Amino acid sequence: MRIEEVSLVRVAMPLVRPFRTSFGVQEARDVLLLHVVADVGEGWGECAAHAEPFYNEEFTESAALVLERWLVPAVLGVELTAAEVAARCGQVKGYRAAKAGLEMAVLDAELRATGVSLASHLGGERAAIDVGVSVGITPTIDELVAQVDGYVADGYRRVKLKIMPGWDVEPLRAVRAAQPRLALQVDANAGYRAEHADLLATLDEFDLLMIEQPYEPDELQLHAQLAARMQTPICLDESILSTLHAGTALDQGACSIVNIKVGRVGGVLEAQRIHDACRERGVPVWCGGMLETGVGRAANVALASLPGFTFPADISASERYWRRDITEPFVLSGSTIAVPTFPGLGVTVDRGALADLGATVRTSTIDGRTPGGTRPFQETR
Ligand code: SMG
Ligand code: MG
């Protein structure tokens with residue numbers, strides 16, 4: 001296909017409730033969507049970067065700038081397939097969430113044009129996926145227990161608690177007491193240091209599915225040391241940026257479970273390769289979340305329908321995040337979410353909702369008068 005126009009759609013979306021992790025609190029998402037118009041039709045993608053560079057280096061403003069200056073010019077007016085987007089963007093180092101958003105939009109256009117859903121394109125095998133909910137750090141332990149009880153009442157059968165030094169053993173003890181049989185796991189977002197190893201080892205008593213990313217992303221050796229002394233499996237999130245990273249971490253014994261996020265690894269196709277590599281080694285994976293809108297959520301749900309995704313995903317129903325999403329909402333059924341079956345991502349972006357939320361749109365197009373020429377980005381709405 002030939003890409004004729006790319007728009008960056010930026011919209012501030014307030015979260016239903018603030019989400020606190022070991023690195024800070026979020027009350028709204030600075031969302032960046034990609035819209036492409038190709039000769040075969042249109043497609044949408046979502047860049048999963050957040051407003052601040054606290055989860056990883058990338059942040060929305062930086063992703064938008066890199067897209068405008070380098071990534072979009074690398075694909076605009078070019079004849080390509082979605083599978084070639086990553087290579088065309090390869091000169092730019094990093095910025096994986098920006099690349100993932102662009103690839104997603106091109107892939108959506110390609111699959112819509114051929115009438116194939118993303119899930120079937122990737123080799124998905126399930127009509128619905130098991131999901132859980134990720135619960136942020138709350139002002140009090142009572143509020144945490146109340147939130148967890150509420151999500152369990154909604155139907156969620158797996159809960160992930162965010163932990164950090166000073167918010168680990170006590171909150172876990174309270175939640176375990178209230179929910180003795182709940183499938184429970186924790187995520188530290190790299191909040192711990194080597195001196196916390198003894199404390200982390202005591203978390204074995206809570207019968208957790210896994211501990212996610214206790215240490216800094218580069219600390220593979222520390223993770224391996226912890227894994228060797230704990231019964232609870234270690235899962236890596238921030239450490240794994242590629243199939244190569246996944247292989248290295250597994251070889252070193254730094255984890256035995258891998259969290260796969262489309263934005264963190266540079267796109268849904270690299271995410272699929274990590275899944276394949278882990279499956280070949282018999283390593284379970286699961287799909288992480290970055291508080292996506294319906295656009296990114298659709299890609300996550302499709303990905304999580306692949307057979308190697310054996311733990312419940314951090315893909316909750318739309319109402320857990322948004323009062324009004326910008327696509328049709330994903331709804332919970334039991335503790336599952338249905339996999340879209342329509343072509344491409346299988347969701348429709350609600351332009352009216354985007355307008356109501358005050359979205360800004362910047363667009364670059366090919367210049368019909370100059371062979372190979374493009375018009376620079378300008379605000380269009
Ligand atoms: O999308 O439900 C979601 C959020 C899941 O906890 C979640 N994501 O490290 O796994 C993680 C975090 C990253 C985002 S925290 C603001
Ligand atoms: Mg995580």
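## Getting started

Here, "buried" means under 20% relative accessible area, "exposed" means over 50%, and "partly exposed" is in between (1.4 Å probe, protein chains only). By that rule Glu212 is buried, and Asp237 is too.

This is a predicted model, where local features need pLDDT of at least 70 and side-chain atom pairs count only at pLDDT 80 or more, while totals for chains, interfaces and linings use all residues. Residues are numbered from 1 along each chain, ligands are numbered from 1 in the order written, and side-chain values use heavy atoms, leaving out hydrogens and water.

## The magnesium site

Glu212 and Asp237 turn up again at the magnesium ion (ligand 2), whose protein donors are Asp187 (OD), Glu212 (OE) and Asp237 (OD), at 2.1 to 2.3 Å. Donors are N, O and S atoms within 2.8 Å of the metal (3.2 Å for Na, K and Ca); water isn't among the atoms, so a site may look incomplete.

Along the chain, the donors are spaced D-x24-E-x24-D. Glu212 sits in strand 8 (residues 211-212) and Asp237 in the loop between strand 9 (234-236) and helix 9 (243-251), so this pair ties together parts 25 residues apart in sequence. Helices (H or I, at least four residues) and strands (E, at least two) are DSSP runs, numbered from the N terminus.

## The largest cavity

On a 1 Å grid over the protein atoms alone, a cavity is a set of points where a 1.4 Å probe fits but cannot get out; lining residues have an atom within 4 Å of a point. The largest cavity holds about 210 Å³ of space. Its lining has 21 residues, and the closest to the centre are Phe19, Lys162, Gly289, Met290 and Leu291.

Definitions and conventions
On a 1 Å grid over the protein atoms alone, a cavity is a set of points where a 1.4 Å probe fits but cannot get out, and a pocket is an open set with protein on both sides within 12 Å along at least five of seven lines; lining residues have an atom within 4 Å of a point. Grid points are joined across faces, edges and corners, and a volume is the space filled by probe spheres set on the points.
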